[in-house]
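Work through the exercises below with the sequence and the 3D view at hand. Each task is followed by its solution.

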Amino acid sequence: MDFMDLAKERKSVRKYSDKEVEDDKIDIILEAARLAPSWANKQCWSYIVVRNKETIAEIATKGTGIFNSWLKKAPVVIVACGNPKESGSRNDMDYYLVDVGISMEHIMLQAADLGLGTCWIGWFDEKEMRRILGIPENLKVVAFTPIGYPADDSGMRTRLTKFFAGSAKRKPLEEIVHKDKW
Ligand SMILES: Cc1cc2nc3c(=O)[nH]c(=O)nc-3n(C[C@H](O)[C@H](O)[C@H](O)COP(=O)(O)O)c2cc1C
């Protein structure tokens, strides 16, 4: 897909069909994540691909808040971790968050290009996620995303979730771009 079309096409998907996601598509998505740029090319990220339905249900009920409970229907969840010691820090900015963030966006755009839905999940209980997935203490859980084929999401519940997630409308360029100086 043309890049601008892809950027427009990707949307947060919060309702998934029962159709299983093919292994080769997950492999392509992970390859896109692997190719992301990072601080000094340290690649501080690691990913957990969860397909086990009970584990996904536990993530949906204990690993995150009530407004993300729709996650339990997702066929796959990819959890992104970062190792802060493997990345850098400048101006009070920890670059492991940037590294993993870019890599996650590669995942989401690649998934969209394959006709798959994703949704960045930032509202989670790190301690619980660590316990559920056995994540080592030296790693930070940065985010996770469900992956699956989108289903019709016009229902009341999804609309409510979208409402709490915030409007998907973007600010106009005039509001966010400054030319030559602030
Ligand atoms: C850092 C971050 C955290 C987010 N956390 C959640 C979340 O916990 N649950 C959720 O449903 N959406 C979450 N989102 C998705 C945003 O609500 C969504 O990207 C935004 O409303 C724009 O909509 P769009 O993705 O459809 O373009 C998160 C997005 C980001 C970037």
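**Exercise 1.** Which atom of the ligand does a backbone N or O atom of Trp123 lie 3.2 Å from?

Solution. The model is a predicted one.
Step 1: start at Trp123, where a backbone N or O atom is 3.2 Å from an oxygen atom of the ligand.
Step 2: apply the cut-off, since a polar contact is a pair of N or O atoms within 3.5 Å. The Trp123 pair, at 3.2 Å, meets it.

**Exercise 2.** Find polar contacts of the ligand with Gly122 and Arg170, then describe the shell around the ligand.

Solution.
Step 1: a polar backbone atom of Gly122 lies 3.0 Å from a nitrogen atom of the ligand.
Step 2: at Arg170 the side chain takes part, with an N or O atom 2.8 Å from an oxygen atom of the ligand.
Step 3: on its own the ligand has 620 Å² of accessible area, and the protein covers 70% of this.
Step 4: there are 15 residues around the ligand, and those that come nearest are Ser12, Arg14, Asn68, Trp120 and Arg170.
Step 5: by class, the shell holds 7 nonpolar, 4 polar and 4 charged residues.

**Exercise 3.** In what order do the 4 strands of the open sheet lie, and which helices pack on the sheet?

Solution.
Step 1: the order is S1-S2-S6-S5, with antiparallel pairing.
Step 2: strands S1 (45-50) and S5 (117-118) are the edges, each pairing on one side only.
Step 3: S5 pairs with S6 (residues 140-148) over 2 bridges, and Thr118 stands opposite Ile147 in S6.
Step 4: helix H2 (residues 23-34) lies across S1, S2 (76-82) and S6, at about 165 degrees to S1.
Step 5: helix H5 (residues 126-133) also touches S1, S2 and S6, and its direction makes about 70 degrees with that of S6.

Terms used
Residues are numbered from 1 along each chain as its sequence is written. This is a predicted model: local features need pLDDT of at least 70, side-chain atom pairs count only at pLDDT 80 or more; totals for chains, interfaces and linings use all residues. Side-chain values use heavy atoms; hydrogens and water are left out. A residue is near a molecule or strand if one of its heavy atoms lies within 4 Å of it. A polar contact is a pair of N or O atoms within 3.5 Å; within protein, one must be able to donate a hydrogen and the other to accept it, and residues adjacent in sequence count only if both atoms are side-chain atoms. Accessible areas come from the Shrake-Rupley method with a 1.4 Å probe; for residues, only the protein chains shown count as cover. Ala, Val, Leu, Ile, Met, Phe, Trp, Tyr, Cys and Pro count as nonpolar, Asp, Glu, Lys and Arg as charged, and the others, Gly among them, as polar. Two strands pair if DSSP finds at least two bridges between them. Contact means heavy atoms within 4.5 Å. Axes are lines fitted to C-alpha atoms, for helices over the stretch in contact, and angles run from 0 to 180 degrees between N-to-C directions.
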